[in-house]
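Thanks, everyone, for making time this morning. Please take a look at the structure I am putting up now, and I will then walk you through two of its topics, the domains and a helix pair.

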There are 2 protein chains.
Amino acid sequence: MSDNRFVPTYSRMIHARELIAGKVHRTPVMTCGYVDRITGGTCCFKLENFQKTGSFKARGAAYAVGSLSEAEAARGSATHSSGNHAQALAYASAVRGIPAHIVMPENASRVKIDAVKGYGGVISFCGPTLADREAELSRVISRTGAAFIHPYDDGRIIAAQGSCAAEFLEQTEHLDMVIAPVGGGGLLSGTSLWAYYQGGETAVFGAEPAGADDARRSFVSGALAGNIRPDTIADGLRTQLSELTFSVIRRYAADIVLVTDEQIAEAMRLIWERMKVVIEPSAAVPVAAVLSGSIPCRNKRIGIILSGGNVDVSALPWSGG
Amino acid sequence: MSDNRFVPTYSRMIHARELIAGKVHRTPVMTCGYVDRITGGTCCFKLENFQKTGSFKARGAAYAVGSLSEAEAARGSATHSSGNHAQALAYASAVRGIPAHIVMPENASRVKIDAVKGYGGVISFCGPTLADREAELSRVISRTGAAFIHPYDDGRIIAAQGSCAAEFLEQTEHLDMVIAPVGGGGLLSGTSLWAYYQGGETAVFGAEPAGADDARRSFVSGALAGNIRPDTIADGLRTQLSELTFSVIRRYAADIVLVTDEQIAEAMRLIWERMKVVIEPSAAVPVAAVLSGSIPCRNKRIGIILSGGNVDVSALPWSGG
């Protein structure tokens with residue numbers, strides 16, 4: 001469906017960063033003494049929950065939409081997603097002044113539907129299966145001629161997601177490692193590539209929910225594997241690697257570690273209570289990796305990407321009282 | 001009980017700011033396009049939820065403890081509180097390397113007890129009434145000779161709480177007004193005084209829960225009134241003005257407006273969901289004042305102090321689902 005499945009070069013990543021400047025935030029970096037005392041390392045947090053649309057996805061969408069030709073742009077953008085990419089594409093398209101056609105399942109939550117509408121997205125509803133979504137997306141594209149923008153199986157997206165790591169390495173002293181959550185692998189690919197192009201002094205780890213562990217299994221076996229039935233509270237990470245993102249991660253990521261939903265919920269709560277910032281479950285996955293000891297941190301300088309903060313605050317993964 | 005009930009001069013406020021530098025954070029200022037669209041103004045938020053110990057109270061405590069003589073300091077500090085002042089005093093005392101004696105009711109929440117212990121506070125438990133607390137505090141002070149530090153009825157505290165406004169006015173372009181929550185009145189007094197000493201170009205408003213409206217009633221009638229039975233989710237604002245804070249607020253604050261608990265909960269949720277920061281109900285009170293239209297904001301530049309972020313995230317003022 002896409003001609004954009006390429007591994008971005010360094011100059012492409014620079015171009016992405018330049019093109020999205022002013023359209024997305026240079027998000028702040030914070031530290032947390034409490035986490036440092038637990039881990040024995042120095043943890044720096046990159047707050048992509050403060051990013052436009054509430055997640056790092058705004059970066060990729062801003063670049064993919066921004067780099068459409070005038071003729072392509074005139075026909076709008078399109079994707080199927082009920083998550084952060086949908087909001088990001090709606091936002092980025094609004095910035096360029098073009099329509100964003102978003103295919104969403106009828107059973108998507110009101111919160112997510114309202115968010116996409118809030119950014120001006122044009123929603124087409126479909127049935128609950130992946131086949132339903134793809135069929136509806138094909139119809140939308142046939143009708144409108146809109147440019148399909150995949151959430152991660154796209155070199156433009158990967159190039160721009162790397163801008164987060166680019167800022168992070170500038171905003172901090174030397175980092176021994178950076179940890180990113182991994183779902184479809186766009187953020188982890190962009191982060192790994194940027195660190196590699198910078199000379200490889202910063203190791204890049206992926207952190208993944210045990211209930212959607214395709215990236216870990218693929219990384220270990222060397223062959224791309226899927227998720228049969230993903231089961232995790234980290235709703236942004238239920239997707240799976242593509243051939244493109246796997247090829248990048250396999251080569252440039254240091255390792256992928258797993259954490260349980262219980263560890264994710266605990267890490268999420270700790271960040272809310274201690275750092276006073278709202279992060280979504282997916283963003284808590286790398287935090288869980290350091291708190292659980294899955295990635296040894298003692299005397300290391302660790303960068304953690306808090307990837308997003310879009311969460312329904314009336315349905316939290318811990319009990320009341 | 002205290003000899004420290006004075007109205008701080010400008011030079012005292014400067015001294016407070018200098019003495020606490022390095023011991024407390026210069027907290028960031030953020031904006032929120034969504035709030036601006038609702039209010040028609042430009043709202044700047046001062047994030048005291050990111051302050052040391054999670055609230056602005058660290059400022060006052062750091063100055064009061066920091067300005068004790070060596071002889072006084074050697075005997076430690078003391079207060080009765082189950083809230084943010086307790087944590088702040090424990091923290092500030094730990095920074096100076098002296099004991100903090102905190103009198104807390106036996107029925108205080110585990111979260112609050114653990115927080116004070118986490119900062120090294122020495123807790124003395126007492127019965128649930130104010131008389132119980134005061135009796136226990138007297139015993140602790142008789143035994144230890146510790147210096148009593150009141151949460152707001154103290155010129156040192158007022159002087160240092162004003163450092164928040166001092167930073168705020170430096171970090172922003174001209175503000176037409178600043179809004180602070182009001183409970184005992186320490187923050188509102190310090191904010192009002194600082195704005196007055198700067199020339200009075202910024203009007204300072206207090207925002208208060210309707211269920212603990214002693215400041216509003218006192219301000220309107222001109223005579224200090226108490227709260228008979230405070231009833232509000234804003235647990236940090238159930239206290240009442242003292243003669244000292246009333247005398248400052250009466251003279252230097254522009255007005256005090258009331259908001260309902262429903263408006264407070266709605267404002268709190270909006271800040272969590274839109275700004276991705278965790279604030280406590282008390283901090284949402286000034287936000288509720290602008291969202292409800294109690295303070296007209298159209299075409300104005302408004303500073304809002306988000307006073308703290310210490311909240312039990314498993315007991316939130318909105319329903320699940």
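Domain bounds here come from an automatic or database domain assignment, and on that basis chain A is divided into domain 1 (10-55 + 154-306) and domain 2 (58-148). This is a predicted model, in which local features need pLDDT of at least 70 and side-chain atom pairs count only at pLDDT 80 or more, while totals for chains, interfaces and linings use all residues. Residues are numbered from 1 along each chain as its sequence is written, with chains lettered from A and ligands numbered from 1 in the order in which they are written.

The C-alpha centres of the two domains of chain A lie 24 Å apart. Between them, 20 residues of domain 1 of chain A are in contact with 15 residues of domain 2 of chain A, contact meaning that C-beta atoms, placed from the backbone, lie within 7 Å. On the domain 1 side, α1 and α8 of chain A each supply at least two residues, and the largest share, seven residues, comes from α8(A); helices are DSSP runs (H or I, at least four residues), numbered from the N terminus.

How, then, do those helices pack? Helix α1 (residues 10-20) and helix α8 (residues 155-171) of chain A pack at an angle of about 80°, with axes 8 Å apart, the axes being lines fitted to C-alpha atoms over the stretch in contact, and angles running from 0 to 180 degrees between N-to-C directions. α1(A) and α8(A) are therefore roughly perpendicular, a word used for 65 to 115 degrees. The contact includes M13(A) and I20(A) of α1(A), and A159(A) and G162(A) of α8(A).

Methods:
Angles under 35 degrees count as roughly parallel, over 145 as roughly antiparallel, 65 to 115 as roughly perpendicular and the rest as oblique. Two residues are in contact if their C-beta atoms, placed from the backbone, lie within 7 Å.
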